[in-house]
Amino acid sequence: MSFSGSTSGKVFLATAVLIALASTIVWQRHYLILNVMASGEPPALLETSAEHISSRWYDEYFIVENIDERTFAIGEPLYYQQNFSYLIVGNERAVLFDAGPGYRDIRAVAESLTELPITFVPSHFHYDHTGNQVTFERVAVVDLPRLRSRAKDNQLTLTWSEHLGSMEGIETPTLHITEWLPIGSEIDLGGRKLRVLYTPGHTNDSISLLDTSNGLLFSGDFIYPGPLYAFLPNSSLKEYLEGSNNILRETETNNPIFGAHRDSPPGIPTLSTADVLALQRTLISIRDGAATGEGLYPRTYKVNERIDLLTEPPLLQDWR
Ligand SMILES: [Zn+2]
C-alpha cells in the first residue's frame, strides 16, 4: 500500500512523521534537556567561600562541621553543586552517607575523623553522590529487586540514567557491594542505629537514613534548601509524594533534616520535618491541579521560601 499518490496520503504521511518526531522528542526528553544543561566537562572550581568559624578546611577543598560529637557534615564548597556528605559514627562502625563527585578524596577526610571501619552508603546513584574515582572497601546499597537482579557477584554497574556522569565527563562506575540494605531495616553502628527509609521521587532508588536515637534525618537529594529536581530520568511526582509520606510517618514534628546540597554558603543544609510537610502539600496540590507553577520545562512550583520543586510540564507529569 502506498500513500504517495494522493493529497490525503501526503497529509497522512506528514502527520505520521510529525507524530513520530514528537514522540521521539518526548521519549528522549531527559537526554535532550540534560545535554542542554551540561557541558560534558569537569566544572571549574569556585572561589573559596566564607564559612562558619566552626568549619575546618581539609585539603583546601572540603569543609568539616560537627553536627554533634559523632556526626560530621563534610561539604564541598568549591564544587558548584555545593554537596554535603555525612559521616555518622557509632561505637563499632561508621557510615559515610554519600561521597560527592569524587574530584578529591573524601575517603581520606572521613578516615581522619574516625578509626572505625567506614561503610559507604549512597543516597542514590547520581554521579555527584557516588564518589566515582574514590573507592571503598565496604559499600552498602538499598536492597531493591531490580538492583539485586542486575548485580552479578555483588558487582553493580550503574546505567547512564542512574548515574548521569556524562554531564561532567565522568565514567559510569561499577559498585562492589558488600551489604544490601532492606527498606525499613536498621544499620547497627554499635549503640546507634540508622533506619533505611525509602524516599523515591528524585530517583526511584533514593533512600534517607534516620538516626533513631537522636532523631536526625539524612535526606540525600530528596529534600534540601534550593531547587529539588523532579524532572530527571527515574524521577516521579507520584513517588515523591510516597517518599514524603514515608518520612512523615517515621519522624516527629521538627526533626532536623540534613540534605545533600546547600543553596548558598555558609553552613550545613539543614531543614526540618515542617519542610517535608510543605513538600507533601505542594505535591498534593500539583496532583489535584490546584498548584500554579512557572516556566515550561522544567516547571517550577514554590514549596516555601527556601525550596522549589522542579518538575516536567503538567502533560508529562507522572501520577500513575
Ligand atoms: Zn541526585
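This is a short walk through one predicted protein model, from its overall build down to single residues.

Let's start with the whole chain. The protein has 7 helices and 19 strands. Its radius of gyration is 21 Å, close to the 20 Å that the globule rule gives for 320 residues, so the protein is as compact as a globular protein of that length. Along the principal axes, the C-alpha trace spans about 80 × 40 × 40 Å. Of the 320 residues, 41% count as buried. Now take the contacts with a separation of 6 or more. Residues 24 or more positions apart account for 60% of them.

Next, the core. In soluble globular proteins, nonpolar side chains tend to be buried together. Here the largest nonpolar core holds 65 residues. Those with the most contacts inside this core are Ile74, Tyr86, Leu87, Ile88, Val95 and Leu96. Pick Leu96. What does Leu96 touch, once neighbours within four places in sequence are set aside? The list is Ser85, Leu87, Ala110, Ile118, Phe120 and Val121.

Ala110 takes us to helix α3, residues 106-113. Its buried residues are Ile106, Val109 and Ala110. They cover an arc of only 95° around the axis, which puts them on the same side of α3. What covers them? The cover includes β1, β2, β3, β4, β5 and β6.

Look at the start of that set of strands. β1 is residues 56-58 and β2 is residues 62-68. These two pair in the antiparallel sense, over 3 bridges. Arg56 has Val64 in β2 as its bridge partner. The two strands form a hairpin with 3 residues between them. In that turn, Asp59 has a positive phi of about 60°. Then β2 goes on to pair with β3, also antiparallel, over 5 bridges. Asn66 stands opposite Phe72 in β3. The hairpin from β2 to β3 runs through 2 residues.

Now move along the chain to helix α6, residues 237-250. At 1.5 Å a residue, its 14 residues should span 20 Å; the end C-alpha atoms are 20 Å apart, which agrees. Which residues of α6 are buried? They are Leu237, Glu239, Tyr240, Leu241, Gly243, Ser244, Asn246 and Ile247. They pack against β12, β13, β14, α7 and β19.

One residue in β12 deserves a stop: Leu197. Is Leu197 buried or exposed? The cut-off for buried is 20 or more other C-beta atoms within 10 Å. Leu197 has 22 C-beta neighbours inside 10 Å, so it counts as buried. Leaving out residues up to four places away in sequence, Leu197 touches Ile207, Ser208, Leu210, Asn246, Ile247 and Glu250. Ser185 sits 12 residues from Leu197 along the chain, and their C-alpha atoms are separated by 8.3 Å.

Last stop, β19, which is residues 307-311. Its partner is β18, residues 299-302. The two pair in the antiparallel sense over 4 bridges. A hairpin joins them through 4 residues. Arg299 stands opposite Thr311 in β19. In a regular strand the side chains alternate between the two faces of the sheet. How do the faces of β18 divide into covered and uncovered? Arg299 and Tyr301 make up the covered face. Thr300 and Lys302 make up the uncovered one.

To recap, keep two places in mind. One is helix α3, with β1 to β6 among the elements covering its buried residues. The other is helix α6, whose buried residues pack against elements including β12 and β19.

Methods: Residues numbered from 1 in each chain as written. Predicted model: local features only at pLDDT ≥ 70, side-chain atom pairs only at ≥ 80, totals over all residues. Core = buried A, V, L, I, M, F, W, Y, C linked by C-beta atoms within 7 Å. Buried ≥ 20, exposed ≤ 12 C-beta atoms within 10 Å, placed from the backbone. Contact = placed C-beta atoms within 7 Å. Pairing = 2+ DSSP bridges. Arc of directions from axis to C-beta. Rg over C-alpha atoms; globule rule 2.2 N^0.38 Å. Expected span 1.5 Å × (residues − 1).
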